[in-house]
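Please look over the chain below with three places in mind, taken one after another: a loop residue, a strand residue and a patch on the surface.

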Amino acid sequence: MRTILSLVFVFVQLATALKFDLVATSGHGKNERCIRNFVGKDQLVVVTAIVGGTKGDGQKVNIHIKDAMGNDHGRPKDVVGETRQIFTSPADTAFDVCFENQLTGHNGISNPSRPIELDVDIGADARDWNSIQYQEKLKPVETDLRRIEEMVTDIVTEMEYLRAREQRLRDTNESTNERVKWFAFGTMGMLVGLGAWQVVYLRAYFRSKHLI
């Protein structure tokens, strides 16, 4: 059972890792490549980035982690190798992990770039389970079950959030439909009233001209 669970966790970790090449650009303007993710309130987030290359190769990779509320969660500069940023989300929001590769020199390579490997762990996946296992003296199977339990809890919390959001959207739609209905009724009433007034006005006008 432990082997199966371990294989499942390895597969999940590999599935969440993102690999791409970041082309170096020159100039003063920013040319960022951002990866967006969503996180719930008070959830732990661990962003691990592995940047290839070596310092002095004419490239400089900067990372900027920010959320939609305007909070900064890390700005590591001139990153080479592995770097890790840890933060706790202040609210239900989206956050971006942005990479920028600045060309600082010429090394004779056309289209210079740096390989990037990004791994974002949220909630139960972000916790240090080896440390928890050591501190609480848990067996490997107990640790795996504990991790599954917290992952299920995160899923339930996410489902509750989606249900509450769907309820708010439904209430908004019903309120909008109600307002549109009364607006339509008001418009029809105004048109009927305007038509009746035109008939009365024209009838009085024609009578004054002795046309009818």
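Contact, as the word is used here for pairs of residues, means that heavy atoms lie within 4.5 Å. The model is a predicted one, and the description that follows should be read in that light.

With that meaning of contact in hand, one may begin at G74, which belongs to strand 5, a strand made of residues 72–74. When the neighbours within four places in sequence are set aside, G74 is in contact with I63, H64, I65 and Q85. For one of these partners, Q85, which stands eleven residues apart from G74 along the chain, the separation between the two C-alpha atoms is 6.6 Å. G74 has a relative accessibility of 14% and therefore counts as buried, because that term applies to values under 20%.

A second buried position is D57, whose relative accessible area is 16%. D57 is placed in the loop that runs between strand 3 (44–51) and strand 4 (59–67), and from there its side chain reaches the backbone nitrogen of Q59 at a distance of 3.1 Å.

The surface offers another view. L194, W197, Y201, L202, Y205, F206 and L211 together make a nonpolar surface patch of about 740 Å². One of these residues, L194, is found in helix 3, which comprises residues 140–208. With a relative accessibility of 43%, L194 counts as partly exposed, because this class covers the values between the buried limit of 20% and the exposed limit of 50%.

Methods
Residues are numbered from 1 along each chain as its sequence is written. This is a predicted model: local features need pLDDT of at least 70, side-chain atom pairs count only at pLDDT 80 or more; totals for chains, interfaces and linings use all residues. Side-chain values use heavy atoms; hydrogens and water are left out. Helices (H or I, at least four residues) and strands (E, at least two) are DSSP runs, numbered from the N terminus. Buried means under 20% relative accessible area, exposed over 50%, partly exposed in between (1.4 Å probe, protein chains only). A polar contact is a pair of N or O atoms within 3.5 Å; within protein, one must be able to donate a hydrogen and the other to accept it, and residues adjacent in sequence count only if both atoms are side-chain atoms. Patches are made of residues with over 30% relative accessible area and no salt bridge: like charges are joined within 9 Å, nonpolar side chains (Val, Leu, Ile, Met, Phe, Trp, Tyr) within 5 Å. Accessible areas come from the Shrake-Rupley method with a 1.4 Å probe; for residues, only the protein chains shown count as cover. A salt bridge is a side-chain nitrogen of Lys or Arg within 4 Å of a carboxyl oxygen of Asp or Glu.
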